[in-house]
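Q: Please take a close look at how helices cross and how charged side chains are placed in this structure. I would like one connected account, with the surroundings of the residues involved.

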Amino acid sequence: MTRARKALIDLSSTSYYHLIARCVRRAFLCGEDKYTGKNFDHRRRWLVERMKFLSSVFAIDIAAYAIMSNHYHMVVKVNRQEAINWSDDEVITRWYRLYKGSPVIDRYLQEQVLSDAEQSLVSELITKWRARLYDISWYMKNLNEYIAKKANKEDDCTGKYWEGRYKSQALLDEIALLSCMAYVDLNPIRANMAKKLEESDFTSIQERLKQFETIRASSTQQKHREVERVASQPKLLKPFGGGNQEHTLPFSLLGYLSLVDWTGRHAYLKQRGHIAHEVPNILESLNIKDAIWLGMVKSYGRRYANFVGMPSKLKAHAAKNDMYWYKGAG
């Protein structure tokens with residue numbers, strides 16, 4: 001049974017979500033179409049550039065992404081409190097980066113005298129825009145409509161470009177977040193589109209690795225902890241920092257890079273080379289057995305559910321919404 005979007009996205013339970021959208025037509029979202037002989041790799045760049053632009057406008061951070069041939073994955077964090085703390089002018093400035101706005105707002109910005117009714121309308125609009133600027137559905141609307149219009153114009157056609165509304169998964173705990181991010185970052189390896197993480201084009205893991213190597217090469221005398229600083233990570237991706245740093249992902253950068261590399265080597269042996277034997281520290285710190293972890297990542301796409309988390313988290317989330325249970329992955 002299809003659930004209403006408001007039942008799937010509950011910011012009081014989690015601010016992390018896995019988002020998926022798929023192209024409906026035979027013509028590819030990106031990559032090479034064997035039927036037409038055309039290559040659409042440039043559309044990957046459209047998506048990455050657009051999603052990053054939107055994250056600079058919305059209070060929504062990108063934790064991970066992978067742009068595949070006919071679909072894409074994103075893991076995002078919604079920063080509701082950040083949007084609530086914005087000034088009214090900040091909300092207007094951000095909204096005007098996307099839309100033309102309103103004549104009454106223009107008069108407000110010009111500091112013209114407004115009637116009581118106009119002042120009330122200004123307040124209503126700002127309240128509405130503020131809520132939309134941390135709304136995943138509005139983010140996805142601005143992403144998918146933009147790409148659809150550009151692709152249709154390029155293909156000289158009209159009609160639906162996306163299969164349907166985007167899919168979303170609520171990531172209810174740290175293990176769910178970690179396994180989903182690893183699954184997303186390993187998509188090209190699993191699909192045999194790349195042999196190494198560094199060759200996984202248009203993924204967040206490739207972007208993080210490139211940035212990390214650049215910083216490490218120019219900072220050979222620094223300690224690893226210094227190299228891992230938030231400032232050394234891609235500016236428009238949610239930074240890693242660990243549990244003690246605010247506004248960061250609750251894992252260390254080095255720990256995550258090691259974990260994804262180790263997982264790729266073990267989970268997809270045909271695609272990978274030498275297998276390291278050491279179990280990543282990040283699994284030990286979360287008390288996850290290596291075999292259980294590999295099973296979670298390998299089967300992640302096959303056991304799709306709207307909610308991901310440990311059984312206790314799934315039960316608590318269902319009870320909160322007056323449900324006896326939720327189908328979930330954990």
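A: A crossing of two helices is called left-handed if the near helix is turned anticlockwise from the far one by less than a right angle, and right-handed if it is turned clockwise. The model discussed here is predicted, and in it α4 passes α6 in a left-handed crossing. The axes of α4 and of helix α6, which covers residues 116–132, come within 9 Å and cross at roughly 65°. On the α4 side this contact is made by D88, V91, I92, W95 and Y96, and on the α6 side by I126, W129, R130 and R132.

Helix α4 also carries a charged pair of its own. The side chains of R94 and E90 meet in a salt bridge, with N and O 2.7 Å apart. Both residues lie in α4, which spans residues 88–96, and they are 4 residues apart, or about one turn of the helix. The two partners differ in their surroundings, because R94 is buried with a relative accessible area of 13%, whereas E90, at 28%, counts as partly exposed.

A pair with the same kind of spacing occurs in helix α7, residues 136–155, where K141 and E145 are likewise 4 residues apart, about one turn of the helix. Their closest N and O atoms are 3.1 Å apart in a salt bridge. Here K141 is partly exposed at 33% relative accessibility, and E145 is partly exposed as well, at 39%.

These pairs are among the 8 salt bridges that a search of the whole structure finds. Another of them joins the side chains of K238 and D61, with an N to O distance of 3.2 Å. K238 lies in the loop between α11 and α12, while D61 belongs to strand β2 (residues 60–67), so this pair ties together parts that are 177 residues apart in sequence. K238, at 3% relative accessibility, counts as buried, and D61, at 21%, counts as partly exposed.

From K238 the path leads to R208, since K238 is one of the residues that R208 touches. R208 lies in helix α10, residues 204–218. Leaving out residues up to four places away in sequence, R208 touches I62, A63, Q233, P234, L237, K238, P239, F240, L249 and L253. Why does R208 have no salt bridge, although buried? A salt bridge requires a side-chain nitrogen of Lys or Arg within 4 Å of a carboxyl oxygen of Asp or Glu, and the nearest side chain of opposite charge, D185, is 5.6 Å away from R208. A polar atom of the R208 side chain does, however, lie 2.9 Å from the backbone oxygen of A63.

The loop between α11 (224–227) and α12 (253–267) also holds G242. G242 is buried, with a relative accessible area of 12%. The C-alpha atoms of G242 and S252 are separated by 4.9 Å, although the two residues are 10 apart along the chain. Apart from neighbours within four places in sequence, G242 is in contact with T248, L249, P250, F251 and S252. Of these, L249 is also listed among the residues that R208 touches, which links the surroundings of G242 to those of the buried arginine.

How values were computed:
Residues are numbered from 1 along each chain as its sequence is written. This is a predicted model: local features need pLDDT of at least 70, side-chain atom pairs count only at pLDDT 80 or more; totals for chains, interfaces and linings use all residues. Side-chain values use heavy atoms; hydrogens and water are left out. Helices (H or I, at least four residues) and strands (E, at least two) are DSSP runs, numbered from the N terminus. Buried means under 20% relative accessible area, exposed over 50%, partly exposed in between (1.4 Å probe, protein chains only). Lys and Arg count as positive and Asp and Glu as negative; His and the chain ends are not counted. A polar contact is a pair of N or O atoms within 3.5 Å; within protein, one must be able to donate a hydrogen and the other to accept it, and residues adjacent in sequence count only if both atoms are side-chain atoms. Contact means heavy atoms within 4.5 Å. Axes are lines fitted to C-alpha atoms, for helices over the stretch in contact, and angles run from 0 to 180 degrees between N-to-C directions.
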